[in-house]
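I opened this notebook to record internal cavities and unusual backbone geometry. The entries below follow the order in which I looked things up.

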Amino acid sequence: MKVLIIGGGGREHAIAVSMRRSGRVDELYCVPGNAGIAQIAQCEPSIGVMEFDKIAAYAKEKKVDLVFVAPDDPLAGGLTDVLEAEGFRVFGPSKRAAVLEGSKAFSKDLMKKYHIPTAAYEVFHDAEAALAWLEDAPMPIVLKADGLALGKGVLICNTLEEARDGVREIMQEKHFGDAGNVLVAEEFLTGREVSVLAFVDGKTVKPMTSAQDHKRACDGDTGPNTGGMGCFSPSPFYTKEIDAYCREHIYQPTVDAMAAEGRTFKGVIFFGLMLTAEGPKVLEYNARFGDPETQVVLCRMKNDIMDVIDACIDGTLDKIELQFEDAAAVCVVLASEGYPVSYEKGFEITGLQNFEGKDNYYCFHAGSRFDARGHIVTNGGRVLGVTAKGSTLKEARGNAYEAAEWVTFANKYMRHDIGKAIDEI
């Protein structure tokens, strides 16, 4: 097969590595890709993920058999529909289905209508109405920009003053662009956060192994929200009992609800969960693989990823038994100092060769490129996702932090407490 991956981050690098393990992929392409992906695929950095016509033309030129649309923006924008109209086989939900992530107000209303457990909420289209409602709202409270905001459009406000500032930031000052035209104000939930990615074929849902992301920029879960500073899998807090509850009350009902709404979902649903004292509740949905969850989940999957992709597209997922290694994985993100607010890029990355030939160690590129001299340099806030496996979470974490020292660049920054929660077990 000839396969084209759309995207250029750590998630896409992990997907590309999984595809390279498949015996069914002969040629691999990526738009736009990055310096890491370029070592295992042919990249076309001149095409952006939202340039649908150029992507379709490139896919035709390369005569690809499958297009895997990985990021949120092109999914919400309808790239799957455009490519399918051109006759391509595509993995990723349609525009109508991707609204599950594209609009938080839609997803909250869906959960309310179909009795899927989630936090209490209110939706506002006007900043003055939101500010008036806040006067009597319990604190802390969570404010979310309705649309896509690179995983950063969520503010946890501990006081009324913080909440007022949050409304202004999202709806009036437009810190997250048009994503903040509509605001969702949500009850603050407490408990353990868990992420579960699941393959979906429109009617059947097959959850993958669990994971836990670390969103805050700094140690101790402080600092601004980011796209994710690290991750571990599996979550020891996601028990068999919790899994059974989620399958019955969250996963299958969500897939059934989307079908009932005429928005049949095929692809991957990311279930962001909070394990509260009252039981698991949905924090958010994503309509695709998460980042950096993908890095710690796919490296443990035993199945040929192409077999699972085919089953999702063809509606035969019920015939697939997902299998994962009885091991653990931890990802530590190496970021540019100052991320996610302000940072410099263009610094040379050294030491990447230290990962060559080492089983159970991975260096997934998130923000990298080649400079004019052909050297690999930083090209984003999140630069690398150093991932390692181990027989236990503690062993995997030790391996990941050891490997994080193998590479260097001028403004390298990382959290030092990824997976710290496992010490409490």
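The entries cover cavities, then cis peptide bonds, then positive phi angles.

**Entry 1: cavities.** I note at the outset that this is a predicted model. I asked how many cavities of 30 Å³ or more there are. The count comes to three.

**Entry 2: the largest cavity.** I looked up the volume of the largest cavity and found about 80 Å³. I then listed its lining: Leu 100, Glu 101, Lys 104, Ser 107, Lys 108, Met 111, Lys 144, Glu 186, Leu 283, Glu 284 and Tyr 285. Which elements supply at least two residues each to this lining? I found helix H5 (95–102), helix H6 (104–113) and strand E16 (279–286). H6 gives the largest share, with four residues. I sorted the lining of the largest cavity by class and obtained six charged, four nonpolar and one polar residue.

**Entry 3: the second largest cavity.** I recorded about 40 Å³ of space for the second largest cavity. Its lining consists of Phe 68, Val 69, Ala 70, Leu 75, Phe 91, Gly 92, Pro 93, Val 268, Ala 287, Arg 288 and Phe 289. By class, I obtained nine nonpolar residues, one polar and one charged for the second largest cavity. I set this beside the six charged residues in the lining of the largest cavity.

**Entry 4: cis peptide bonds.** I examined the bond between Ser 233 and Pro 234 and found it cis, with omega about 0°. I located Pro 234 in the loop that runs between strand E14 (230–233) and helix H9 (240–260). I also examined the bond from Asp 291 to Pro 292, which is cis with omega near 20°. Where does Pro 292 lie? I placed Pro 292 in the loop between E16 and helix H10 (293–297). I had already met E16 as a contributor to the lining of the largest cavity.

**Entry 5: positive phi outside glycine.** I noted that His 115, which is not a glycine, has a positive phi near 60°. I found His 115 in the loop between H6 and strand E6 (121–124). Is His 115 buried or exposed? I recorded His 115 as exposed, because its relative accessibility is 70% and the class begins over 50%.

I noted a positive phi of about 55° at Asp 221, also not a glycine. The loop holding Asp 221 connects strand E12 (216–218) and strand E13 (222–225). At 47% relative accessibility, I entered Asp 221 as partly exposed.

Note on methods
Residues are numbered from 1 along each chain as its sequence is written. This is a predicted model: local features need pLDDT of at least 70, side-chain atom pairs count only at pLDDT 80 or more; totals for chains, interfaces and linings use all residues. Side-chain values use heavy atoms; hydrogens and water are left out. On a 1 Å grid over the protein atoms alone, a cavity is a set of points where a 1.4 Å probe fits but cannot get out, and a pocket is an open set with protein on both sides within 12 Å along at least five of seven lines; lining residues have an atom within 4 Å of a point. Grid points are joined across faces, edges and corners, and a volume is the space filled by probe spheres set on the points. Ala, Val, Leu, Ile, Met, Phe, Trp, Tyr, Cys and Pro count as nonpolar, Asp, Glu, Lys and Arg as charged, and the others, Gly among them, as polar. Buried means under 20% relative accessible area, exposed over 50%, partly exposed in between (1.4 Å probe, protein chains only).
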